[in-house]
Amino acid sequence: MSAALTPADRDLLLRLLRLPTAGPLETGPGGPAPRLREAQSEYARAAGETGFRTVLHACADPADLERPDVPAPVREARGTPGFLADQPSLVLRLGPDLPTARTVMFNVHLDTVAGEQPVHFDGRCFHGRGAIDAKGPAVALLAGVRAARALRPALGRDVGVLIQAVAGEEGGAMGVLGTRPLVERGHTGRLNVFCEPTGLRFLPRSTAAMTARVAVEGADAIDDRPADGHNASVLLGFLAQHLGRALDHHAARGAVCVAGVRTGDLHNRVYGTGSLLLNLSYASATAGRLLEAAVHEALDEGLDLFAKDFGDSALFGRTAADARNITRLEWLKRGLPVLDDRDPWGHALLRGAGIRPWPSEEPAFTCDAIWMARVADACTVVLGPGDLSANNAHAQGEFARADELDAFAAAVTRLLLAFTDDAVGSP
C-alpha cells in the first residue's frame with residue numbers, strides 16, 4: 001500500500017491551512033483568537049478513520065504556568081481571557097493502552113507563527129502558513145500510519161501509536177502549555193518522534209533557547225531640546241552593534257539572534273525608554289551558562305564604551321553619563337533543558353528503516369523535543385520533511401512540496417514497520 005497522500009489527505013491539509021492557528025504570543029494583544037481547537041477537531045476526525053481515538057483534548061492546567069522556568073511572556077499573558085482556553089492540546093491513541101515499550105509517540109504542532117498567507121495547492125506544492133511547520137507533516141503522518149497499519153495488523157493491536165497535536169510550540173512558549181504537560185503526564189513511548197523539518201534525517205539533539213531583554217528606562221525629551229533627555233534609540237542602537245560583535249564567536253555553538261529594538265514611532269520626540277531583545281540557543285547546560293555570562297560581560301563592556309564615546313557629546317552627554325543607571329538586563333526565558341539522545345537501539349532502528357542521521361557537525365535547532373530530555377528509557381528524535389529555511393517556515397511564502405510530504409509518510413511507514421517487527425516479531 002502506498003503511503004502517499006490521498007485526495008482526502010490533501011483536502012484535509014488545505015482545510016487546516018485555512019484555519020488561522022497562530023497563538024496569542026504570535027498575534028499580540030488584541031489579535032484574533034486562534035482556531036486551534038477547530039483545527040485539532042478536524043485532525044481528530046481524520047485520524048479516527050485510521051482507528052485513532054481521542055484520549056485528551058484540553059488546555060493545560062493553570063498550575064502548569066506557575067513554575068519558575070515558564071517564559072516571562074507566558075507568565076505575563078496567562079491571565080488574559082482566553083489565553084489558555086484557546087490553546088488546547090490533543091492526544092490521540094491507536095490501539096489499546098499498552099506499555100511504553102510497545103508504543104511510538106509522534107508530536108506535531110498545529111499552531112503556527114503569525115502572518116496569514118493565501119492557501120492553495122498548485123499541483124506540486126501546498127502554500128499557506130503551516131504548510132511545512134507543521135500542518136503538512138501532521139497530515140503526512142496520518143498517511144504513513146494508515147499505510148503501516150495495512151501492512152502490519154499488529155499495529156494498533158499489539159503495538160500502539162500516540163499522537164500529540166499540541167499548542168504553544170510557536171511564539172516563545174517553548175511547549176510549557178502543550179508538550180511539557182503531556183510528557184509529564186506520561187503520553188510518551190519507547191520511541192518519540194517530533195515532526196519538524198529535518199530533510200528526512202533523524203536529529204537526536206535539540207537546543208534550548210534563552211531570551212534576554214536590555215531595557216532602558218530614562219527620561220523623554222522634546223525635539224526642540226533633545227539633549228535634555230536620555231536618548232534610548234542611540235544607546236540601544238550602539239549596544240545592539242556592540243553585542244552583535246561581542247557575541248559573534250558564540251555563533252559556532254548556537255544561534256545568536258540580535259532581534260528587535262524598540263523605542264518609539266514619532267519623528268519629533270526623543271524616546272527615553274526602549275528595549276532590545278536577544279534570543280540565544282545552546283546545546284548543553286554548560287554552554288548556556290557560558291553564553292549567559294558572555295551577555296552580561298558584553299553589556300557591561302558596551303555601556304563603558306558608550307559612556308566613553310559619547311561623554312563629550314552635546315546631544316548625548318546626559319545619556320552617556322547615566323547609561324549604566326538607566327539600563328538593565330532581564331531574562332525573559334532561561335534555564336530550559338536540552339535534548340542529547342544517545343539511545344543506540346533507537347538510532348539503529350531508524351537507520352534500519354532507511355532514515356539517515358543528521359550530520360553531527362551540523363547545528364541542531366530548538367523545538368519541544370527538549371521536554372523528553374529527562375524521560376528514562378525513551379529514544380527521542382526530531383524528524384520531518386523539508387527545511388525550515390528553504391521552505392520559508394517562518395517567512396513569507398511558506399510551502400511544502402507534495403513529494404516531500406509523500407516521502408515523509410513513507411518514512412513513517414517504514415519506521416512503524418521496523419518498530420512493530422522489533423516489538424512483536426516479523427509476520
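How many nonpolar, polar and charged residues does the lining of the second largest pocket have? The count is 10 nonpolar, 6 polar and 2 charged. That pocket is a handy way into the structure, which is a predicted model. About 330 Å³ of space lies inside the second largest pocket. Its lining takes in 18 residues, and those closest to the centre are Pro24, Gly28, Pro29, Thr80 and Phe83. Two helices, H2 and H4 (72-77), each give at least two residues to this lining.

The largest pocket comes next, with a volume of about 1200 Å³. Its lining is made up of 45 residues, and Met174, Ala209, Asn279, Lys333 and Thr366 sit nearest the centre. Several elements put two or more residues into this lining: helix H2 (24-27), along with strands S8 (205-206), S9 (208-217), S11 (256-262), S13 (273-282), S14 (327-333) and S15 (339-340). Strand S13 makes the largest contribution, at 5 residues. Sorted by class, the lining of the largest pocket holds 22 nonpolar, 13 polar and 10 charged residues. Helix H2 thus turns up in both stories, as it gives residues to the lining of the largest pocket and to that of the second largest pocket.

Stepping back to the whole protein, the secondary structure adds up to 11 helices and 17 strands. The radius of gyration is 24 Å, close to the 22 Å that the globule rule gives for 427 residues, so the protein is as compact as a globular protein of that length. Measured out along its principal axes, the C-alpha trace spans about 80 × 40 × 40 Å. Of the 427 residues, 53% are buried. Contacts reach a long way along the chain: when residues at least 6 apart in sequence touch, 83% of those contacts join residues at least 24 apart. As for the outside, the accessible surface comes to about 17700 Å², and carbon and sulfur atoms account for 51% of it.

A few spots in the backbone deserve a look. Asp133 and Ala134 are joined by a cis peptide bond, with omega at about 5°. Ala134 belongs to the loop that runs between strand S5 (125-127) and helix H5 (135-151). Another spot is Met174, which has a positive phi of about 55° even though it is not a glycine. Met174 is placed in the loop between strand S6 (160-166) and helix H6 (179-184), and it is also one of the residues nearest the centre of the largest pocket. Is Met174 buried or exposed? Met174 counts as buried because its relative accessibility is 8%, below the 20% cut-off. Leu200 is likewise a residue other than glycine with a positive phi, near 65°. Leu200 is part of the loop between strand S7 (191-194) and S8. With a relative accessible area of 24%, Leu200 is partly exposed.

Turning to the interior, what do the buried residues of helix H9 pack against? Helix H9 covers residues 317-326, and its buried residues are Gly317, Thr319, Ala320, Ala323 and Ile326. These buried residues pack against strands S9 and S14 and against helices H7 (232-246) and H8 (285-310). Strands S9 and S14 are also among the elements that help line the largest pocket.

Leu142 offers a second view of the interior. This residue lies in helix H5, and it is buried, with a relative accessible area of 4%. Leaving out neighbours within four places in sequence, Leu142 is in contact with Leu12, Tyr43, Ala46, Ala47, Phe52 and Ile163. Along the chain, Leu142 and Thr413 are 271 residues apart, yet their C-alpha atoms are separated by 9.7 Å.

Gly254 gives another pair to look at. It is placed in the loop between H7 and S11, and at 13% relative accessibility Gly254 counts as buried. Gly254 and Leu276 are 22 residues apart along the chain, and 19 Å separates their C-alpha atoms.

How values were computed
Residues numbered from 1 in each chain as written. Predicted model: local features only at pLDDT ≥ 70, side-chain atom pairs only at ≥ 80, totals over all residues. Heavy atoms only, no water. 1 Å grid on protein atoms, 1.4 Å probe; cavity = no way out; pocket = protein on both sides within 12 Å on 5 of 7 lines; lining within 4 Å. Points joined across faces, edges and corners; volume = space filled by probe spheres on them. Nonpolar A, V, L, I, M, F, W, Y, C, P; charged D, E, K, R; others polar. Rg over C-alpha atoms; globule rule 2.2 N^0.38 Å. Buried < 20%, exposed > 50% of the residue type's maximum accessible area, 1.4 Å probe, protein only. Contact = heavy atoms within 4.5 Å. Areas by Shrake-Rupley, 256 points an atom, 1.4 Å probe, with all protein chains shown as cover.
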